[in-house]
Amino acid sequence: MNTSVSRSTIRSPRRADRTETQRHVSKKRLATKVTIAGGALYIAYDSGLLGSSEQGSEALNRAKAAIPPAVEEWMKYFGLETPLPTMPKVEFSPVQAWNSGVRRSISSLSEAPTKATQYTNQGLQYLKDLTK
Amino acid sequence: MSEKELGKKWDRCLADGAIKFGTGLGLGIVFSVLFFKRHTWPISLCSGAGLGMAFSNCQNDLRSSYLLHRSQKVGLCNKTHSN
């Protein structure tokens, strides 16, 4: 008695065996997927996200302006009245600090030779006065 | 190019880089979920492509001040004197 199961019964049904409705459903699914992907791509292109750097920064500014009111609206819709924590305003500007640091260090480097000669002259004068 | 202009260009470059990376990531996730059975490679490919586009834009933006634009080009004419 042959108990081994033939491989063809275990394998999934071939394309030719699928019914017309199954093929129709798979075509519809593919069309839906292509529509969604194409729509996402079109939205990204139309809003300037894939364009030049000016268009990109404009899109970012528009998003920054649109997000807080949208978030507030959604929070009201869900009944969450607690306000979002606002960014604390920091007076310290790292750019200004860095620039002033660079300027100070370069100016001190440029003045270093003259100051060094000045101090050595003063030191020598002091020693001369001591030995007198 | 003044320092302020250069600073603005760099700011634009960084903002553009962030936007294109995010857009690429989003589109990569969409394609990965819809067509590629939630594999990771479409996400990395699309985000990498976005970063590449941002790099190219940045490069063009920074080089644009050194290029001679079409309206500024002056034509040369060779005059031949025939006696």
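A:Lys115 is partly exposed, because its relative accessibility of 37% falls between the 20% and 50% cut-offs. This residue belongs to a predicted model. Across all chains, the structure holds four salt bridges. Three of these pairings are described below, after a look at chain A.

**Chain A overall**

- Chain A has four helices and zero strands.
- Along the sequence, the pattern of chain A reads α-α-α-α.
- Chain A counts 132 residues, and 6% of them are buried.
- The exposed area of chain A is about 12300 Å².
- Carbon and sulfur atoms supply 62% of that area.

**A salt bridge in helix α4 of chain A**

- Side chains of opposite charge can pair when their charged atoms come close.
- A:Lys115 pairs with A:Glu111 in a salt bridge.
- The closest N and O atoms of A:Lys115 and A:Glu111 are 4.0 Å apart.
- Both A:Lys115 and A:Glu111 sit in helix α4 of chain A, which covers residues 94-131.
- A:Lys115 and A:Glu111 are four residues apart, or about one turn of the helix.
- A:Glu111 has a relative accessible area of 39%, so this residue is partly exposed.

**A salt bridge between two helices of chain B**

- The side chains of B:Arg12 and B:Asp61 form a salt bridge, with 3.2 Å from N to O.
- This pair links distant parts of the chain, as B:Arg12 and B:Asp61 are 49 residues apart.
- B:Arg12 lies in helix α1 (residues 3-34) of chain B.
- B:Asp61 lies in helix α2 (residues 41-63) of chain B.
- B:Arg12 is partly exposed, because its relative accessibility is 22% and the buried class ends at 20%.
- B:Asp61 is buried, because its relative accessibility is 9%, which is under 20%.

**A salt bridge within helix α1 of chain B**

- B:Lys20 and B:Asp16 also form a salt bridge.
- The closest N and O atoms of B:Lys20 and B:Asp16 are 2.7 Å apart.
- B:Lys20 and B:Asp16 are four residues apart in helix α1 of chain B, so about one helical turn separates them.
- B:Lys20 has a relative accessible area of 1%, so this residue counts as buried.
- B:Asp16 is buried, with a relative accessible area of 1%.

Key: Residues are numbered from 1 along each chain as its sequence is written. Chains are lettered from A and ligands numbered from 1 in the order in which they are written. This is a predicted model: local features need pLDDT of at least 70, side-chain atom pairs count only at pLDDT 80 or more; totals for chains, interfaces and linings use all residues. Side-chain values use heavy atoms; hydrogens and water are left out. Buried means under 20% relative accessible area, exposed over 50%, partly exposed in between (1.4 Å probe, protein chains only). Accessible areas come from the Shrake-Rupley method with a 1.4 Å probe; for residues, only the protein chains shown count as cover.
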